[in-house]
Amino acid sequence: MKQDMVLNAKTIRARVAEALHARLGERWFKPSSAKLIIASADNLTDFSIELGCFTDYRYGAYDCELAAVFKWRKFAKLWRDFDAWYEVKDPSSAQFKTRSSRQRNQQFLLKGFNAIDGGFQPSSRGFFWVASEQDLDAFMTQCIADLDGNVGAWIRRWFTWESALDVMDGNSQLCGSWRDTAYFCLLEQVHGREAACTWIGGIDATGWPGLLAAQVEYLQSQVCRGLAPQP
């Protein structure tokens, strides 16, 4: 009879990656990588998309979730330029930043499978608790079903620029505090800079929280200077 293995976060991540590569590799993942890097032939964008397995040990078990992590050089460069401009405008904004927070802010998008599956509603399903090898098998089965179902369909909507823009249009919570910068990048990719600048030029950010208002100001005054009417 097979004995239960000793569970830890590294083992869980490795087993999940092995299972997904074995079951879905030809359709989803880069074959030469141990990581879950999405490399589907029908992906027409230049996002770098990777699945991350997040584990947190609490109460004698691991709560586990897969998440889709999107990186985009175009967005990362614009955010770095904005961040440098904002630190000059408001030097106090730098005091709470860490290396990890700076890196995280350059991610275009990170969303867990639980939220994706639940349509980003408060009632979205919770973490999957893994306390045994049997639990891990059940978690991997759920992950495979997710990619074959709603979660996989949502990720594939980011495989063309037009459908990615539609996804952003349909959910105001995506990308969190850097949504306006992210949306600007997508809008420019699909319709060109003039259209993106016309959109951002029509926003009046008076009274908005500092970081949100600053993004609008930066895009209006630095990126779109002379291209779009100011509010």
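1. Let me start in the sheet: Ala68 has Lys111 in β4 as its bridge partner. Strands β3 and β4 (residues 109-112) run antiparallel and are joined by four bridges. Bear in mind throughout that this is a predicted model.

2. β3 has other partners too. With strand β2 (residues 48-58) it pairs in the antiparallel sense, over eleven bridges. Tyr57 is the residue to look for here, as it stands opposite Tyr62 in β3. On another front, β3 pairs with strand β5 (residues 128-130), again antiparallel, over three bridges. There Cys64 has Phe128 in β5 as its bridge partner.

3. Have a look at the turn of the β2 and β3 hairpin as well. Two residues sit between the strands, and Tyr59 takes a positive phi near 55°.

4. How many residues of strand β3 are buried? Ten of the eleven, counting over residues 61-71, so the strand is largely enclosed by the rest of the structure.

5. Asp63 deserves its own point. This acidic residue lies in strand β3 and has a relative accessible area of 2%, so it counts as buried. What does its side chain join up with? The answer is Arg58, through a side-chain polar contact of 2.2 Å. Leaving aside neighbours within four places in sequence, the contacts of Asp63 are Phe54, Thr55, Asp56, Arg58, Phe127, Phe128 and Trp129. Phe128 on that list is also the β5 residue that partners Cys64.

6. Now the aromatics. The structure holds 25 aromatic pairs. One of them is Phe82 with Trp85: the ring centres are 6.1 Å apart and the planes stand at 35°, so I'd call the pair tilted. Both residues belong to helix α2 (residues 73-89), where they are three residues apart, about one turn of the helix. As a reminder, an α-helix has 3.6 residues a turn, so residues three or four places apart point the same way. Phe82 and Trp85 are both buried.

7. Trp85 also pairs with Tyr218. Here the ring centres are 5.3 Å apart and the planes are at 55°, so this pair is tilted as well. Which parts of the chain does it link? Distant ones: Trp85 is in helix α2 and Tyr218 in helix α10 (residues 210-223), with their positions 133 residues apart in the numbering. On burial, Trp85 has a relative accessible area of 19%; the cut-off is under 20%, so Trp85 counts as buried. Tyr218 is buried too, at 10% relative accessibility.

8. Last, helix α7 (residues 161-170). Its buried residues include Trp161, Ser163, Ala164, Leu165, Val167 and Met168. What do the buried residues of α7 pack against? They pack against two helices, α6 (150-156) and α8 (179-191).

9. The α7 and α8 packing is worth viewing along the axes. Those axes come within 9 Å and cross at roughly 150°, and the crossing is left-handed. From α7, the residues that meet α8 are Trp161, Glu162, Ala164, Leu165, Met168 and Asp169. On the α8 side they meet Arg179, Ala182, Tyr183, Leu186, Leu187, Gln189, Val190 and His191. Trp161, Ala164, Leu165 and Met168 are among the buried residues of α7.

Notes
Residues are numbered from 1 along each chain as its sequence is written. This is a predicted model: local features need pLDDT of at least 70, side-chain atom pairs count only at pLDDT 80 or more; totals for chains, interfaces and linings use all residues. Side-chain values use heavy atoms; hydrogens and water are left out. Rings of Phe, Tyr and Trp (its six-membered ring) pair if their centres lie within 6.5 Å; planes under 30 degrees apart count as stacked, over 60 as edge-to-face and the rest as tilted. Buried means under 20% relative accessible area, exposed over 50%, partly exposed in between (1.4 Å probe, protein chains only). Two strands pair if DSSP finds at least two bridges between them. A polar contact is a pair of N or O atoms within 3.5 Å; within protein, one must be able to donate a hydrogen and the other to accept it, and residues adjacent in sequence count only if both atoms are side-chain atoms. Contact means heavy atoms within 4.5 Å. Axes are lines fitted to C-alpha atoms, for helices over the stretch in contact, and angles run from 0 to 180 degrees between N-to-C directions. A crossing is left-handed if the near helix is turned anticlockwise from the far one by less than a right angle, and right-handed if clockwise.
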